[in-house]
Amino acid sequence: MTTQINDRIALPPKDAQKTNMTCHFCIVGCGYHAYKWDHNTEGGRAPDQNALGLDFRTQLPPFATTLTRAMTNTITDKGGKKWNIMIVPDKECVVNSGLSSTRGGKMASYMYTHDGIGRERLKHPRVKRGDQWLDTSWEQALALYAGLTKKILDNDGPDGLFYDCFDHGGAGGGFENTWGTGKLMFSALKTQMVRIHNRPAYNSECHATRDMGVGELNNSYEDAQLADCILCTGANPYETQTNYFLNHWVANLSGSTVDKKKKWFPGETAAAAKIIIVDPRRSATVAICEQVAGKENVLHLDIQPGTDTALFNTLFTYVVQQGWMAKDFIAKHTSGYDDAVKTNRMSLEDGAKATGLTVAQIKQAAEWAYKPKASGHRPRTFHPYEKGIIWGNDNYVIQSALVSLVLATENVGRRGTGVCRLGGHQEGYTRPPYPGSSKIYLDQEVIAGKGLMYTLWGTNPYQTTVNAEQHRLVLSKRAKIVDEAIARARGASVEQLVEVIYNACKYQGGMFVAAMNLYPTQLADDAHLLFPATQPGEMNLTSMNGERRLRLSEKFMDPPGSAKPDCLIAADIANTLKAMYQKDGKADMAKRFDGFNWKTEEDAFNDGFRRAGRPGVEPIDSQGGPTGYLATYELLRKAGTNGVQLPIKEVKDGKLIGTEMEYADGKFSTGDGKAHFKPAPWNGLPKMVADQKAKFKFWINSGRANEVWQTAYHDQYNSFVRDRFPMAFIEMNPDDAKALGVAAGDVVEVYNDFGSTYAMAYPLKALKPGQTFMLFGYIKGVHGDVVTSWVDRNVVPYYKGTWAGIKRVGSVDDYKKSISFKDRRFA
């Protein structure tokens, strides 16, 4: 049997190996099972002849399973033996109930095979010599990396070492890997020069809500089934949290959870939920909600870009005026209410003027979300939000305004409520405390010529950062200085090469660039050293999803070549540095690199996640909290794809017992246990952003598309995706396109004072005049090139706040012939 089976899907036999897998990709974290068996065998069609236990001799009933060729593959282990694999959704997982997204449904395709989609994976460390990338040994790569690190640490201190590192779960993240990298950066190297994931500093995307005592993931997905109203802001969950939306939101909008509401909340009025979607753009989510719930139960508040704070403050003020606030809750469990009422005050008329909505629309939203129900009970309103706020106009102020509205109406801590980010990646954070005392805008440090060595760990700022064009140009220029120095160092030993590189960085303005990743991304053009990492399935990895559900994805196959888990790469670096300092007789420095004697990723999990909060242990910031020690790999395997919701309460009869709803006891995550209202005045747009708006015609909104995951690091090699989107698309109003002489499939330049990029025109009627929507972080056409460098007080960028000009560049005949430009909306 080979990968070229065209007449059927090979079924796993009854004795196939079966392991638990959480989807690598979006934050929803759907549950899957991975099957693996000898490639020369296959299961039969009868239910007692295949591991799925299904009867394929007759037509299966609807939704009995989800099974496509993309869910299968043939892999080869290090011994040369071939195996068939199948990764299929688990119907028993409460997250997805057997549903599969277009992302998760391709996981098997993305597992490494020498001739498959993942064939370009990094297999061994690579070093750049002259103009060539050459595979090298781990020993030499570590000697070079650690040697230069030590040279900089000894002569210039930790501030000479720059890092850009993931902070998430899923994909290559997870509690094992965030701990390994964090322990290296913060405890051993003690550098504060770190940016995180898609932000240009080491920060959170939810500072305000945390300061207010409300963690950003505080309910269960089931609460979306129980809400009377969903007020969704700055998010498009159909495309970005697909199965959360389909399995939980749609059930409520369609009325199929009314009986559950009556059972859970006896005496309360119960009906299908109404939904309010705050988004300047008519997204696919809006269209589908209208089909499911009926247009009369969907309110699309298409506000002017950047005016969310004005909307929340207007709703807050109106709720107070109507007396719909939760007076007892406010008195017992909050502080700062009066100041917030005073500072956030905004009349209906002023709110309508700022947002572009009508007074009637704002009133209707307030009545749906906050007016007492016919039974006299306060409505249970769920407030999900995502990048429209997180990357919106002053992140801290927007979140302060939203959470103040939520606290005033007690829409947190009650089932059917919550104020939660919808998220991108899964979560998986366990690290020592950040060693810096302030947030450092690292992109600007690079641009200013600071730093000597830059390590990019599972990240790609070339495609995802703000002011990306300038950042890319400067870093590329600095990297080439090192390229030229290395090219001249013919025949040099590793020690001599370290000296050459150091001198180029220290005295000539260069910067040495190293990257750990699955693939040689765009950044590799300017890197000097690459380390190959692993992904779930090739290692054991724990992550939590958007409802804090912790699962273990089990290893079932070998990684390509000599690739290693990130945590073990970090351990190798630390142990190499320790040996170097021991050789120098510097015991005090060597001691800083103690504690990395891990043999497996489970060792890293036990060292970080399971030690956090234990008596006598150094401070560890962990999403597992002080009860993380209760989780073991053994117990997580038993918990299967449903896992346990953090924080863990106890282990009972060999089962992990978790927390479904945070703050149900009225105690919040502050020193005094009360939720703190935050004043959030409406200040308009930042001047840097307003200047671009005044100068250029088009708002360049951005975001994800259902078909593409993140920077397309897998998808760029998948013709199913790449042929659909050979370049980042930009949706625009048809009349705007016509006025510019632009037709579907034309290439346009998007430009402003910060940079320019190209995109593929995609005219859609749903787009308002003057507004566009561009695919974010793609491999061709980088939205970040035209994003301003403005950030809020916590160095959180305003990705959504960019205006630019658009002009036609030309036509690509292949695009027009092979790509569909039908409306991407459901209706």
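This passage describes selected local features of a predicted model. Three topics are taken in turn: a set of paired strands, the aromatic rings, and the surroundings of one serine.

Strand β4 spans residues 82-89. Six of its eight residues are buried, so the strand is largely enclosed by the rest of the structure. Strand β4 pairs with strand β2, which covers residues 31-38. The two run antiparallel and are joined by seven bridges. Within this pairing, Trp37 stands opposite Asn84 of β4. Strand β4 also pairs with strand β3, residues 72-76. Here too the sense is antiparallel, with five bridges. Asn73 has Ile85 of β4 as its bridge partner. Strands β3 and β4 form a hairpin, and five residues lie between them. Gly80 sits in the turn and has a positive phi of about 90 degrees. In a regular strand, side chains alternate between the two faces of the sheet.

Aromatic rings form the next topic. The model holds 35 aromatic pairs. One of them joins Phe605 and Phe609, whose ring centres are 4.9 Å apart. Their planes meet at 15 degrees; stacking requires an angle under 30 degrees, so this pair is stacked. Phe605 and Phe609 are both buried. Elsewhere, ring pairs link several residues into a cluster. Its members are Tyr221, Tyr238, Tyr244, Phe245, Trp249 and Phe382.

Lysines also lie over tryptophan rings. Lys36 is placed over the face of Trp83, at 4.8 Å from the ring centre. Lys36 falls within the residue range of strand β2 (31-38), and Trp83 within that of strand β4 (82-89). In another case, the charged end of Lys387 sits over the ring of Trp391. The distance to the centre of the Trp391 ring is 5.0 Å.

The last topic is Ser220. Ser220 lies in the loop between helices α4 (207-211) and α5 (223-226). Its relative accessible area is 3%. The cut-off for a buried residue is under 20%, so Ser220 counts as buried. The side chain of Ser220 makes a polar contact with the side chain of Gln645, at 2.9 Å. Gln645 also appears among the residues in contact with Ser220 once neighbours within four places in sequence are left aside. The others in that set are Arg415, Glu547, Arg548 and Glu660.

Technical notes. Residues numbered from 1 in each chain as written. Predicted model: local features only at pLDDT ≥ 70, side-chain atom pairs only at ≥ 80, totals over all residues. Heavy atoms only, no water. Helix = DSSP H or I, 4+ residues; strand = E, 2+ residues; numbered from the N terminus. Buried < 20%, exposed > 50% of the residue type's maximum accessible area, 1.4 Å probe, protein only. Polar contact = N/O pair within 3.5 Å; in protein donor to acceptor, adjacent residues only side chain to side chain. Contact = heavy atoms within 4.5 Å. Phe/Tyr/Trp six-rings, centres within 6.5 Å; stacked < 30°, edge-to-face > 60°. Lys NZ or Arg CZ within 6 Å of the ring centre and 35° of its normal. Pairing = 2+ DSSP bridges.
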